[in-house]
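Please look over the structure below with its nonpolar residues and its cysteines in mind.

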Amino acid sequence: MLILICHLAASGSGQLLRPGEKKSSAIMLCSKKKSLEVERIVKANDREYNEKYQYTDNRIHTCKYNILTFLPINLFEQFQRVANVYFLFLLILQLIPEISSLTWFTTIVPLVLVVTMTAVKDATDDYFRHKSDNQVNNRQSEVLIDSKLQNEKWMNVKVGDIIKLENNQFVAKQSSFIDVSSVYTDSLEQPMLRETNLKVRHALSVTSGLGADTSRLAKFDGIVVCEAPNNKLDKFTGVLSWKGSEHSLNNEKIILRGCVLRNTSWCFGMVIFAGPDTKLMQNSGKTKFKRTSIDRLMNTLVLWMYYSGKATPAQARTTTLNEELGQIEYVFSDKTGTLTENIMTFKKCSINGRIYGEVHDVLGQKTDMTKKKEAVGFSVNPEADRTFQFFDHHLMESIKMGDPKVHEFLRLLALCHTVMSEENSAGELIYQVQSPDEGALVTAAKNLGFIFKSRTPETITIEELGTLVTYQLLAFLDFNNFRKRMSVIVRNPEGQIKLYSKGADTILFERLHPSNEDLLTLTSDHLSEFAGEGLRTLAIAYRDLDDKYFKEWHKMLEDANAAVDKRDERIAGLYEEIERDLMLLGATAVEDKLQEGVIETITSLSLANIKIWVLTGDKQETAINIGYACNMLTDDMNDVFIIAGNTAVEVREELRKAKENLFGQNRSFSNGHVVFEKKQPLELDSVVEETVTGDYALIINGHSLTVYDQWFITLFNIVYTSLPVLAMGIFDQDVNDQNSMDCPQLYKPGQLNLLFNKHKFFICVAHGIYTSLALFFIPYGAFYNVAGEDGQHIADYQSFAVTMATSLVIVVSVQIALDTSYWTIINHVFVWGSIATYFSILFTMHSNGLFGIFPRQFPFVGNARHSLTQKCIWLVILLTTVASVMPVVAFRFLKVDLFPTLSDQIRQWQKAQKKARPLRSRKPQTRRSSSRRSGYAFAHQEGYGELITSGKNMRAKNPPPTSGLEKTLYNSTSWIENLCKKTTDTVSSFSQDKTVKL
């Protein structure tokens, strides 16, 4: 965090944008352990003084491991999974020959393989975190060292350093301004999310002149005593002591880490908090061990079967949360940049009871097909914004005809705002806006011929249809959340005093003159139509003021400003007094453009029974308007409750009241689906196979032997059956992606854990027990006292083991094939390739060559070849496979036929439609019907009126003339006349085309 010392503003103003670097919530603070900090004491330009407090440097750590800690920490985390602990415990038992019939490598091979693969994944994740940390820590920053500005890496910046920031530059640490009288600090913006609302920041007047000379800055030795590091973004308290005086510091004097400086050439700041002590990093939180619901359930099931140890939550990165994607119940979303693009566009307006901005087809019907309609051309306007598009030519015709109401409407948009203007190096007019709403309105007025050019604390200069006009700014009635409106009082060159006001229709309509009743009704209908289309609306009105009345009112305003008691109440009362008997001009409609597909996505999520929370810093009206625009709120919702408590107790009480109001009403919630539901069958099939591989033991001469040989047990899970399960989990689709999107109710099984739960698990256990019995007793009964085709007895141990192992591999592969709904070449290769791999390894282990190399490990030479050439063996394998699989097939057939799920029904429909490919229908964009609610929304902040009238945010320059009409800018025909002529031709052409077509 920086304390602002000084700055030079390009146009006298500056801005900051909210933190754009989004860091992981896993923050590891590697600082020395010290006592709890109560307050912070920092001395400027004195590292030796500040080092005694052991403040952290500016280095950040979001990584979890280093080379020395990776192995112990990663193993510790992995063995918090009960399954890993179970296999480790089993391995220890197998090291004791007296109690185990299996050798230790049958367990250690799969355990090491699983642990190694997980460790590689975790190491890869952490490598990218290290890479991101290094990129941030090695950014360059200008630091004042030894009376000179030197480039220094971010990580080397220390508390107390004086640093220089330039326009569009990230703030690397939390600082206090030193130089500049004021800046716009933009609302700590997230540039990637396009949040561009500006916030004002000021430097202390005692330091505002230091930036012109670095030698003076180097001698600055002020001491700041302030609050300890905390995560409160909206609050800061501190005191700067310098030259025997103390100066109060608050939130308006600091810049937070992660901000971007805007509209300011440069500024100097003093570092107060660095690295993990900054408010941004304080809000990032600490590392938390997370576990998926599948993990927790598996821990419970493993404990129930094998082990009664203590389950401890383990670390899990996002790569291990895949199965949770099918079980989401709540979605928390940011608004700006996620739901909306934060690009405001002037779409429509209502002026004197007529709507401008609607597009009609050849039959005169309103349409949204603007792509087929020629936009109004603004190429003859040298100041026009090339990105601005407007499709209603009738507005330009009204401007040309000199409609006084239209002119007054656009004049108001060009005068009543807090926008700052400047010219870039190319001479182009650039607007610096506090809110994108104002930017859209002022830009629209500019393109339509009323161009805001410049302002001083006493004047506003605009260009009206090619002619410069300067208005005297008499008063600025600032916006706030209670007033929900802003007004300016100006004197035009003719000496008339006018009040121009814009704000919420619900507020301005109460202050209209009674003569506006008919226009009010018509404009209200237009506003309802705009709100129904999800547009952000403002009402526009004006009032002619008598000179004598204004002087008396202004004198009272000056007295109120100088008052000590009830100053704000008196000022508010005077604002109320003068903002009455207004004459309605109309309303504006601005679109806060939604991201592509937002409406359809939210509709699908709602049908999927997913509760959506949108987090926004907007005012209540703006938030509600966006809610309607993106279909989170609809006109069908009769009960929309506003919970506005400031404490947990208040919120709980308001929720209780809302619940009481809803009592007795029948409310149902639909369910949904996404394309990730197949992650759970991956886990389920793994459990099935683990259960199927239960060992049977034979007692021979008092010694215990397993039916399966040790190599088969070792390779079964990691070679013979792992890849088919993996392929199924990745590629399988129970229904195709389009049907998944068209039927969000498919998501319900995941939310309700219907695909994998304890009930399903016990069914798998029962299935495994049945399969194990079939695999053992069918070959046992078939081989009992039976001779092979060569007349020799075939009921030997190894032949029995080969028959059972072969049957098991085939049964599991057939089971996977039955479970697979969507076959790819990879599925075929993995399933049938696993069977081929099994036979290849089997014949190799029973070969003469391997016996010659390892006679003790592979003693059964030729057994596989001898056994599998017997027809009776294959008959037993076939019988075992059928007996194991048929009950599953029968059960599924009856279930699908008698109790089909939604997925079953859609699969049947897909099969029926497979030959005749249906036309793919597109969902029409949902448009809400017109409603009688207000669409008011205005992303504006209080305080800019006072800033403008004080002149603190303006560069000193030659003031323009304060009265009289200026001479026409262009000697030839004005651009507006050319534009109107072009518009007239376009309208005439359109009318002729329309007549011909009719």
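This report covers the nonpolar cores, a nonpolar surface patch and the cysteines of a predicted model.

## Nonpolar cores

In soluble globular proteins, nonpolar side chains tend to be buried together. The largest nonpolar core in this model has 48 residues, and those with the most contacts inside it are L395, F409, L410, L413 and Y500. Helix α9, which spans residues 404–415, gives the most to this core, with 7 residues.

Leaving aside residues up to four places away in sequence, L395 touches C349, I351, Y356, F390, V406 and L448. A second core, separate from the one that holds L395, has 34 residues and includes L144, W242, C267 and A274.

## A nonpolar patch on the surface

A nonpolar patch of about 540 Å² lies on the surface, where it is made by L818, L875, L878, V882, M886 and V889. Helix α28, which runs over residues 871–898, provides the largest share of this patch, with 5 residues.

V882, one of the residues that make the patch, lies in helix α28. With a relative accessible area of 41%, V882 counts as partly exposed, because this value falls between the 20% limit for buried residues and the 50% limit for exposed ones.

## Cysteines

A disulfide is a covalent bond between the sulfur atoms of two cysteines. A search of the whole structure finds 0 disulfides.

Two cysteines illustrate different surroundings: C630 is buried, because its relative accessible area of 0% is under 20%, whereas C872 is partly exposed, with a relative accessibility of 24%.

Terms used:
Residues numbered from 1 in each chain as written. Predicted model: local features only at pLDDT ≥ 70, side-chain atom pairs only at ≥ 80, totals over all residues. Heavy atoms only, no water. Patch = residues over 30% accessible without salt bridge, like charges linked within 9 Å, V, L, I, M, F, W, Y side chains within 5 Å. Areas by Shrake-Rupley, 256 points an atom, 1.4 Å probe, with all protein chains shown as cover. Salt bridge = Lys/Arg side-chain N within 4 Å of Asp/Glu carboxyl O. Helix = DSSP H or I, 4+ residues; strand = E, 2+ residues; numbered from the N terminus. Buried < 20%, exposed > 50% of the residue type's maximum accessible area, 1.4 Å probe, protein only. Disulfide = S-S within 2.5 Å. Core = buried A, V, L, I, M, F, W, Y, C linked by side-chain atoms within 4.5 Å. Contact = heavy atoms within 4.5 Å.
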